[in-house]
Amino acid sequence: MSEGPESQRGEQVVAPALEVESEPIPLVPELLISDLLRYGVLASLTLVTLGTLVTFLRHPDYLVSSEALQRLTAPHPVPHGLSDVVAGAMAARGQSFVMSGLLVMMAVPVMRVALSLLIFRQQRDTRYVAITTTVLALLVLSFILGAAEG
């Protein structure tokens, strides 16, 4: 005979209750970094896709006219400075959204280094704090020098 929810003596069989821990889940550095990379790439892809859609919705002639498409791909109308990108995004220009997506893609590795620095500081790993600080300083310096060039 199979036993159901009641035993042979007529007693109710109760499954043991699962206890839910109320302690917060510790943050795992690898998960933080992977989430930063994942969501950074997703944000970049979203901005580039949105910019492409806005461009072709606002200018449908790009789809049928090779001359119009050449005007789009010419180097002069592309926003070059951060202020140009912000102003273009506020005016809903597709190329500015695409450029902001590319800027986000460039910023993700820098943010990853900055996050690693915070993680190493929390772990009190002085050797890796020094190395990561040097790498972050070199990245920031390269952006500053690159901005001075163009």
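Read from the N terminus, the elements of the protein chain follow the order α-α-α-α-α. That gives five helices and zero strands in the protein chain. Please keep in mind as we go that this is a predicted model.

Let us start with the chain as a whole. Of its 150 residues, 20% are buried. The accessible surface of the protein chain amounts to about 11800 Å², and carbon and sulfur atoms supply 66% of that area. As for how the chain meets itself, take the contacts with a separation of 6 or more: 51% of these join residues 24 or more positions apart.

Now follow helix H1, which covers residues 29–58. Its 30 residues reach 43 Å from the first C-alpha to the last, close to the 44 Å expected at 1.5 Å a residue. Which residues of H1 are buried? They are Ile33, Gly40, Ser44, Gly51, Val54 and Thr55. It helps here to recall that an α-helix has 3.6 residues a turn, so residues three or four places apart point the same way. The cover over the buried residues of H1 includes helix H2 (66–73) and helix H4 (94–122).

The pairing of H1 with H4 deserves a closer look. The axes of these two helices come within 7 Å and cross at roughly 175 degrees. Because an angle over 145 degrees counts as roughly antiparallel, H1 is roughly antiparallel to H4. What kinds of residues make up the contact of H1 with H4? There are 20 nonpolar residues, 10 polar ones and one charged residue.

Two serines let us look at H4 from the inside. Serine 96 sits in helix H4 and has a relative accessibility of 3%, so it counts as buried. Leaving aside residues up to four places away in sequence, serine 96 touches Pro79, Asp84, Val85, Gly88 and Ala89. Three-dimensional position and sequence position can also be compared for this residue: serine 96 and threonine 55 are 41 residues apart along the chain, while their C-alpha atoms are separated by 9.6 Å. Threonine 55, you may remember, is one of the buried residues of H1.

The other serine is serine 116, which also lies in helix H4. Is serine 116 buried or exposed? With a relative accessible area of 5%, serine 116 is buried. Again leaving aside residues up to four places away in sequence, serine 116 touches Ile33 and Thr132. Ile33 is among the buried residues of H1, and helix H5 spans residues 126–149.

Finally, turn to the loops on either side of H4, where the backbone has something to show. Most residues other than glycine have a negative phi. Alanine 92, though not a glycine, has a positive phi of about 60 degrees. This alanine lies in the loop between helix H3 (82–90) and H4. Alanine 92 is partly exposed, its relative accessible area being 32%.

Beyond H4 comes arginine 124, in the loop between H4 and helix H5 (126–149). Arginine 124 likewise is not a glycine and has a positive phi of about 60 degrees. How accessible is arginine 124? Its relative accessible area is 72%, so arginine 124 is exposed.

Conventions
Residues numbered from 1 in each chain as written. Predicted model: local features only at pLDDT ≥ 70, side-chain atom pairs only at ≥ 80, totals over all residues. Heavy atoms only, no water. Helix = DSSP H or I, 4+ residues; strand = E, 2+ residues; numbered from the N terminus. Expected span 1.5 Å × (residues − 1). Buried < 20%, exposed > 50% of the residue type's maximum accessible area, 1.4 Å probe, protein only. Contact = heavy atoms within 4.5 Å. Axes fitted to C-alpha atoms, helices over the stretch in contact; angles between N-to-C directions. Parallel < 35°, antiparallel > 145°, perpendicular 65-115°, else oblique. Nonpolar A, V, L, I, M, F, W, Y, C, P; charged D, E, K, R; others polar. Areas by Shrake-Rupley, 256 points an atom, 1.4 Å probe, with all protein chains shown as cover.
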